[in-house]
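Here are a few exercises to work through with the model open in your viewer. Try each task before reading its solution.

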Amino acid sequence: MTLQSCSRAFSIVAASSASSPPYVTPAFKLHRRLLLLLSPSSATLGHSFSSKTGCARSLPLLRSNFVNKSTVRGIHSTRMEAASSTVPSIVVYVTVPNKEAGKKLAESIVKERLAACVNIVPGIESVYWWDGKVQTDSEELLIIKTRESLLESLTEHVKSNHEYEVPEVIALPIKGGNSKYLEWIKNSTKD
């Protein structure tokens with residue numbers, strides 16, 4: 001049952017409760033049970049009720065219908081497992097003017113073991129403020145996966161080997177993922 005059908009069921013039951021139906025169908029019995037489950041008095045049973053949506057915010061008794069518990073456990077355990085066997089990792093964005101510059105920079109970064117992997121994304125268009133006006137350029141984007149501890153060395157490497165006066169180096173944390181991949185990042189980069 002989806003949240004929309006939950007809301008519809010609540011509306012039907014609420015409307016049906018106002019006037020007694022001439023006969024009671026199995027669907028009405030189900031809707032009546034749902035109403036009892038979702039009613040404000042069910043808060044004492046560990047449920048919370050939202051008057052804005054007409055559906056419960058927390059339905060421990062029905063949760064298995066809405067959320068796969070093993071998926072939630074899997075996400076949690078991936079974060080925990082990754083944290084115990086890896087080092088803090090980041091994704092770094094660097095833009096380059098063309099494919100050749102991107103490939104040359106990417107190879108030097110990986111060769112120096114400043115990153116485990118660099119993806120080169122072609123065909124981006126950048127619109128930015130520079131020299132007092134709006135500029136537009138075709139560029140390529142490097143997506144660099146590395147250790148957080150290597151950010152300073154990576155930044156210096158990019159600044160020393162980049163054509164731009166002020167190259168983009170922006171880091172984002174990796175909060176979780178495939179623990180074997182995150183371990184590979186750790187093992188493929190220098191300490």
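The exercises below go from the whole chain to a sheet and then to a surface patch, and the model is a predicted one.

**Exercise 1. Describe the overall make-up of the protein: how many helices and strands does the protein have, and in what pattern?**

Solution. Start by counting: the protein has seven helices and six strands. Next, follow the sequence, which gives the pattern α-α-β-β-α-α-β-α-β-β-α-β-α. Then turn to burial: of the 191 residues, 30% are buried. The accessible surface amounts to about 12,500 Å², and carbon and sulfur atoms account for 55% of that. Finally, look at contacts between residues at least 6 apart in sequence: 67% of these join residues at least 24 apart.

**Exercise 2. Work out the strand order of the open sheet of four strands, and explain why one side of E4 and of E6 lacks a neighbour.**

Solution. First, set out the order, which is E4-E5-E3-E6 with antiparallel pairing. Strands E4 (117–130) and E6 are at the edges with a single partner strand each, so each has one side without a neighbour in the sheet. On average, neighbouring strands here are turned by 30 degrees against each other, direction ignored.

Now take the pairs one at a time:

- E4 and E5 run antiparallel and are joined by twelve bridges; one partnership places Cys-117 opposite Lys-145 in E5.
- The E4–E5 hairpin has two residues between its strands, and Asp-131 in the turn shows a positive phi of about 55 degrees.
- E3 (residues 89–96) pairs with E5 (residues 133–147) over eight bridges, again in the antiparallel sense.

**Exercise 3. Find which strands helices H5 and H7 lie across, and give an angle for each helix.**

Solution. Begin with H5 (residues 99–111): this helix lies across E3, E4 and E5, at about 125 degrees to E4. Move on to H7 (residues 179–188), which lies across E3, E4 and E5 and runs at about 95 degrees to E5.

**Exercise 4. Locate the nonpolar surface patch that contains Ile-170, and say why Ile-170 can belong to a patch.**

Solution. The patch is formed by Tyr-93, Ile-170 and Leu-172, which together offer about 230 Å² of accessible area. Place Ile-170 next: this residue is in strand E6 (residues 170–173). A patch residue needs over 30% relative accessible area. Ile-170 passes that cut-off because its relative accessible area is 40%, which makes Ile-170 partly exposed. To finish, trace Tyr-93 back to the sheet: its bridge partner in E5 is Ile-143.

Methods
Residues numbered from 1 in each chain as written. Predicted model: local features only at pLDDT ≥ 70, side-chain atom pairs only at ≥ 80, totals over all residues. Heavy atoms only, no water. Patch = residues over 30% accessible without salt bridge, like charges linked within 9 Å, V, L, I, M, F, W, Y side chains within 5 Å. Areas by Shrake-Rupley, 256 points an atom, 1.4 Å probe, with all protein chains shown as cover. Salt bridge = Lys/Arg side-chain N within 4 Å of Asp/Glu carboxyl O. Buried < 20%, exposed > 50% of the residue type's maximum accessible area, 1.4 Å probe, protein only. Pairing = 2+ DSSP bridges. Axes fitted to C-alpha atoms, helices over the stretch in contact; angles between N-to-C directions. Contact = heavy atoms within 4.5 Å.
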